[in-house]
Amino acid sequence: MQLFSDSGDVCVTKLNFSAIGLDEKADALLARQLKIVTPWLTAEWSMNAEPEASDFILTTSKSLLPSSFQGVSVLLLEKLSDDDHDMVAELPLRVFSLMDILNKAGERITNDLSAIPEVSAESIVTASEKTTEKISFSCAEWLSQRMLEKVACFYIAKDKGASFSFDPVKKVFRSNIESRDELIKLLLMHPVEHWDIRADDETSEAYEFSATGLLWLLALKESRYALHVWGSPNRVYRIKHWPQLAAWENVPALYKLSSLYGRKAATIDTGVKISGLEERHVCAFLHACNVVGLKVEVCDSETADRLQPSVQSLNILQALKKKLGV
Amino acid sequence: MNVMNLSTPSGLADVLGDKVKEYDGLQFLLVATADGFLVADSGQKHLNKEWDANRIASMAVSFCALSHSMADECDLGVVQGASVQGDNGMMLARLILSGEAEYVLLASFENRINNGLANWALQKIFESVSDCLKK
Amino acid sequence: MLLKVVFAGPMGSGKSTAIGVLSDIEPVATEAKNNERFKVDKPTTTVGLDYGEILLGDAGKVALYGIPGQERFDFMWPIVAKGAMGVILLLDCSQDNYIEKLASFADTFSKWVDPGSFVVALNRGTENDLEACNLLVEKRDVVMPVFMADPREKDDLNMLLHVLISNAEIRLLQE
């Protein structure tokens with residue numbers, strides 16, 4: 001789903017929602033989360049204390065819904081099961097889940113759709129579609145530059161409590177956000193120019209993430225930027241070092257790309273054919289390699305492969321992959 | 001190549017030298033530790049080509065270890081030794097247990113020496129070397 | 001159909017352990033009493049080869065070979081490496097000369113496998129060790145996959161095999 005029109009304008013439909021069955025703390029958190037996601041919602045949402053007057057209700061049980069309520073609702077569950085395909089979300093409600101839910105509910109209300117699409121986990125490489133990513137700016141590159149400077153503390157969302165800092169000795173980011181994926185989503189949601197950057201670290205950040213690992217994942221999501229910078233059809237690339245895939249992001253297609261660009265200089269098109277990924281994701285791979293310092297060379301032409309007797313059949317490789325659980 | 005400074009049991013080099021002289025057609029003898037270090041050797045000068053006793057010692061040990069594994073795999077029972085036969089002669093290897101230490105004895109014979117004679121000579125050499133290592 | 005994967009590395013780097021972890025059969029070992037306990041304090045050492053198998057049913061099997069790591073057994077290395085789909089070099093970063101060992105093994109094994117099929121696995125390493133190894137590899141103008149991995153951990157070993165698989169797939173797909 002596209003959150004923004006090409007011009008960047010957002011819709012101004014006004015909608016309201018209420019939450020039933022949550023405790024006071026969760027209610028307050030929901031209000032704060034709404035504030036965070038507001039700029040990225042396709043409609044103008046507000047919280048309503050009266051369920052009967054709401055366009056949309058989040059509820060922990062269907063029995064709690066007002067009998068007169070005819071609108072759209074989402075069931076909040078402690079644990080999702082495989083059978084839950086529609087109208088459900090998992091507790092605790094994450095910022096991105098709320099954004100998804102509200103946008104999908106808004107879409108359904110305004111377009112009178114028959115069902116709200118499933119709220120599901122997204123793969124790392126496709127998540128960039130749901131961010132504020134700019135075509136001419138890379139948050140990952142910007143951060144990697146800041147890492148070369150003195151210790152800095154970044155308040156991603158002013159007054160929202162989300163912050164992180166860089167420890168140049170241990171080469172880690174520390175944040176008060178527990179989940180690495182959540183932190184990355186916040187980094188992508190909040191433009192750097194709105195961050196509050198300070199030289200002194202006054203925060204009490206409890207969670208540590210490998211700096212290169214976080215930059216790697218962040219860069220992988222910047223596929224639009226990567227396509228803009230790396231997507232030249234005539235250029236051939238080669239990486240000088242392998243990424244730490246097991247530690248950073250264990251996606252089989254990235255092993256293939258690492259093998260390809262490690263073995264020889266190759267075009268983006270070759271990467272697309274070999275990995276089965278889209279062009280922008282191949283570009284994002286090269287962008288990520290570049291950001292974490294794996295040294296991506298731009299070469300003159302595709303180089304010949306080294307000679308080594310090859311395996312005679314893909315079948316045995318497939319069987320081995322299956323055995324290894326790949 | 002082999003940098004470990006192993007103390008050679010006294011008299012072992014002399015025993016090997018004497019045996020090379022004593023048995024007709026015996027080209028060389030060497031003794032190695034079970035993990036591939038040369039302990040002593042004699043007789044290599046009889047060969048024309050360049051000869052590295054350290055290397056042969058390590059090879060003899062690997063050869064014996066592989067033979068041992070093969071025998072184990074094929075249920076041949078306790079392995080005493082192994083042999084290699086070529087156009088120009090044959091080599092016989094023999095495991096020696098001396099207290100806690102294990103050694104490999106390797107003997108190379110010219111092709112005019114038949115199997116029976118070579119094995120008889122090896123047994124005699126084995127006894128002398130074992131006695132020497134026990135001292 | 002048979003695939004062959006070789007585990008290389010100096011004495012005490014975990015080759016026999018890795019084969020033991022991955023093998024579906026009882027591994028074949030050629031162990032002898034270790035006289036170099038001043039170098040690596042373990043009672044026995046491999047003097048011939050280690051052998052194990054990953055069984056893949058009708059598709060075939062993967063033969064796992066471990067070389068004896070000491071240079072005096074280098075005559076075994078080409079014998080074992082012949083026809084290998086790839087080599088996994090295990091290095092213990094707590095050993096003083098592990099960087100020199102990387103250089104020496106890389107030089108030797110590059111005669112038999114291409115750099116992409118030569119995977120370096122650093123045990124007990126830090127990010128600095130990783131950087132040092134990457135730097136050494138880069139100076140030699142080759143691209144070798146270098147990872148942190150513990151030879152006792154099946155997941156780590158699976159990841160190393162996965163790298164060799166991708167490399168083999170790329171070779172196949174490009175032919």
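The points below go through a predicted model, beginning with chain A and ending with the contacts between chains.

1. Overall make-up of chain A. The secondary structure of chain A comprises 11 helices and 13 strands. Of its 326 residues, 40% are buried. Among contacts in chain A with a separation of 6 or more, 70% are between residues 24 or more positions apart.

2. Domains of chain A. The domain assignment divides chain A into domain 1 (14-121), domain 2 (130-218) and domain 3 (219-299). Where domain 2 of chain A meets domain 3 of chain A, the contact takes 20 residues from domain 2 and 14 residues from domain 3. On the domain 2 side, the elements that give two or more residues are helix 3, helix 4 (180-189) and helix 5 of chain A. Helix 5 of chain A supplies the largest share of that side, 6 residues. By class, the domain 2 side has 10 nonpolar, 7 polar and 3 charged residues.

3. The parallel sheet of chain A. An open sheet of chain A is formed by 5 strands in the order 2-1-3-4-5, with parallel pairing. Its edges are strand 2 (44-47) and strand 5 (88-90) of chain A, each of which pairs on one side only. From one strand to the next the twist averages 25°. At the strand 5 edge, strand 4 (residues 72-77) of chain A pairs with strand 5 of chain A in the parallel sense over 3 bridges. A:Leu77 has A:Glu90 in strand 5 of chain A as its bridge partner.

4. The hairpin of strands 7 and 8. Strand 7 (residues 162-167) of chain A pairs with strand 8 of chain A in the antiparallel sense, over 4 bridges. In this pairing region, A:Asp167 stands opposite A:Val172 in strand 8 of chain A. The hairpin has 4 residues between the strands, and A:Lys171 takes a positive phi near 55° there.

5. The two faces of strand 8. Which residues of strand 8 of chain A are buried, and which are not? Side chains alternate along strand 8 (residues 172-175) of chain A. A:Phe173 and A:Ser175 point to one face and are buried, whereas A:Val172 and A:Arg174 point to the other and are not. Strand 8 of chain A is also joined by 4 bridges to strand 10 (residues 207-210) of chain A, and these two run antiparallel. In strand 10 of chain A, A:Phe209 is the bridge partner of the buried A:Phe173.

6. Helix 3 against helix 5 in chain A. Helix 3 (residues 139-147) and helix 5 (residues 211-221) of chain A pack with their axes 8 Å apart, at an angle of about 155°. Helix 3 of chain A and helix 5 of chain A are therefore roughly antiparallel to each other, since angles over 145 degrees count as such. Helix 3 of chain A contributes A:Cys139, A:Ala140, A:Leu143, A:Ser144 and A:Met147 to the contact, and helix 5 of chain A contributes A:Ala211, A:Leu215, A:Leu218 and A:Ala219. An α-helix has 3.6 residues a turn, so residues three or four places apart point the same way. By class, this helix contact has 8 nonpolar residues, 1 polar residue and no charged residues.

7. Helix 6 of chain A. Is helix 6 (residues 223-230) of chain A mostly covered or mostly uncovered? Helix 6 of chain A is mostly covered, with 6 of its 8 residues buried. Those buried residues are A:Ser223, A:Arg224, A:Tyr225, A:Ala226, A:Leu227 and A:Trp230; a charged residue, A:Arg224, is among them. They pack against helix 5, helix 9 (268-275) and helix 10 (279-291) of chain A.

8. Chain C against chain A. In this interface, 36 residues of chain C are in contact with 31 residues of chain A. On the chain C side, the elements that give two or more residues are helix 4 (127-139), strand 8 (146-148) and helix 5 (154-173) of chain C. Helix 5 of chain C gives the most, with 14 residues. By class, the chain C side has 20 nonpolar, 10 polar and 6 charged residues.

9. Chain B against chain C. Here 19 residues of chain B are in contact with 17 residues of chain C. Helix 2 (residues 53-73) of chain B gives the most to the chain B side, with 10 residues. The chain B side divides into 8 nonpolar, 7 polar and 4 charged residues.

Definitions and conventions:
Residues numbered from 1 in each chain as written. Chains lettered and ligands numbered in written order. Predicted model: local features only at pLDDT ≥ 70, side-chain atom pairs only at ≥ 80, totals over all residues. Axes fitted to C-alpha atoms, helices over the stretch in contact; angles between N-to-C directions. Parallel < 35°, antiparallel > 145°, perpendicular 65-115°, else oblique. Contact = placed C-beta atoms within 7 Å. Buried ≥ 20, exposed ≤ 12 C-beta atoms within 10 Å, placed from the backbone. Pairing = 2+ DSSP bridges. Domains from an automatic or database assignment.
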